[in-house]
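I open this notebook to record what I looked up in the structure, entry by entry, starting from a single residue and working outwards.

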Amino acid sequence: MAYESGDLDATLAAAAGDDPALLGELRVAFVESAEKQLDLLKRSRCDGNWTVAAMRLKGLAASFHAEELLIAADNALDSAPGEPAAIRSIETVLARFSGKPSASLHT
């Protein structure tokens, strides 16, 4: 699946206006928030915690028009808690957003 950051970038640019420093800060805040939800998802051991973390991630993705992350979070909702494929999918998307190799997101 090809990564297209257009919607996310457009959303961040609209919020930051002509301030490139603010744009960078918003991108970092988005990625950090998503990584926090990914961490909660990874530590989930029951359906309830898994669902809450996936829904928060999905909500964050929807708020910032991050379609690929929205799809990955939606897939996690359809998966069993701890499903490695669902976690890897989210890690891959976040690695693209942050510019980090996906292996650096594995904890």
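**Entry on His65.** I began with the accessibility of His65, which is 47% in relative terms, so the residue counts as partly exposed. His65 sits in the loop between α3 and α4, and I looked up its backbone because its phi is positive, about 60°, although the residue is not a glycine. Most residues other than glycine have a negative phi, and I have marked this position for that reason. I note here that the model is a predicted one, and I keep that in mind for every value below.

**Entry on confidence.** The mean pLDDT of the protein is 84, and 84% of the residues score at least 70. Among the elements, α4 has the highest mean pLDDT, 96, whereas helix α1, residues 6-16, has the lowest, 70. Where pLDDT is low, the predicted coordinates should not be read in detail.

**Entry on the overall fold.** I counted 5 helices and 0 strands in the protein, and along the sequence the pattern reads α-α-α-α-α. Of the 107 residues, 33% are buried, and the protein exposes about 5900 Å², of which carbon and sulfur atoms supply 54%. Taking the contacts between residues at least 6 apart in sequence, I find that 54% of them join residues at least 24 apart.

**Entry on the aromatic residues.** How many aromatic pairs does the structure hold? There are 2. In one of them, Phe30 and Phe64 are tilted, with 5.0 Å from centre to centre and 55° between the planes. Phe30 belongs to helix α2 (residues 20-43) and Phe64 to the loop between α3 (47-63) and α4 (67-77), so this pair ties together parts that are 34 residues apart in sequence. Is Phe30 buried or exposed? Phe30 is buried, with a relative accessible area of 2%, whereas Phe64 is partly exposed at 23%.

The rings of Phe30 and Phe97 have their centres 5.6 Å apart and their planes at 75°, and since planes over 60 degrees apart count as edge-to-face, this pair is edge-to-face. The pair links distant parts of the chain, with Phe30 in helix α2 and Phe97 in helix α5 (residues 84-98), 67 residues apart. Phe97 is buried, its relative accessible area being 6%. Phe30, Phe64 and Phe97 together make one aromatic cluster.

**Entry on Val31 and Ser33.** I moved next to Val31, which is also found in helix α2 and which counts as buried at 6% relative accessibility. Which residues does Val31 contact, once its neighbours within four places in sequence are left aside? They are Phe97 and Ser98. The C-alpha atoms of Val31 and Ser98 lie 6.4 Å apart in space, with their positions 67 residues apart in sequence. Ser33, likewise in helix α2, is partly exposed at 29% relative accessibility. Its C-alpha atom is separated by 9.7 Å from that of Arg56, 23 residues away along the chain.

**Entry on the core.** In soluble globular proteins, nonpolar side chains tend to be buried together. The largest nonpolar core here has 23 residues, and those that touch the most other members are Phe30, Leu41, Leu69, Ala76, Ile90, Leu94 and Phe97. Helices α2, α3, α4 and α5 each supply at least two residues of this core.

**Entry on α4.** Which residues of α4 are buried? I list Glu68, Leu69, Leu70, Ala72, Ala73 and Ala76, and the buried residues of α4 pack against α2, α3 and α5. An α-helix has 3.6 residues a turn, so residues three or four places apart point the same way.

**Entry on α5.** The buried residues of α5 are Ala86, Ile87, Ile90, Glu91, Val93, Leu94, Ala95 and Phe97. I checked the length of this helix as well: at 1.5 Å a residue, its 15 residues should span 21 Å, and the end C-alpha atoms are 21 Å apart, which agrees. After α5 comes Gly99, whose phi is positive, near 80°.

Note on methods. Residues are numbered from 1 along each chain as its sequence is written. Side-chain values use heavy atoms; hydrogens and water are left out. Helices (H or I, at least four residues) and strands (E, at least two) are DSSP runs, numbered from the N terminus. Buried means under 20% relative accessible area, exposed over 50%, partly exposed in between (1.4 Å probe, protein chains only). Contact means heavy atoms within 4.5 Å. Accessible areas come from the Shrake-Rupley method with a 1.4 Å probe; for residues, only the protein chains shown count as cover. Rings of Phe, Tyr and Trp (its six-membered ring) pair if their centres lie within 6.5 Å; planes under 30 degrees apart count as stacked, over 60 as edge-to-face and the rest as tilted. A nonpolar core is a set of buried Ala, Val, Leu, Ile, Met, Phe, Trp, Tyr and Cys residues joined through side-chain atoms within 4.5 Å. The expected span of a helix is 1.5 Å times one less than its number of residues. pLDDT is the predictor's confidence in each residue, from 0 to 100.
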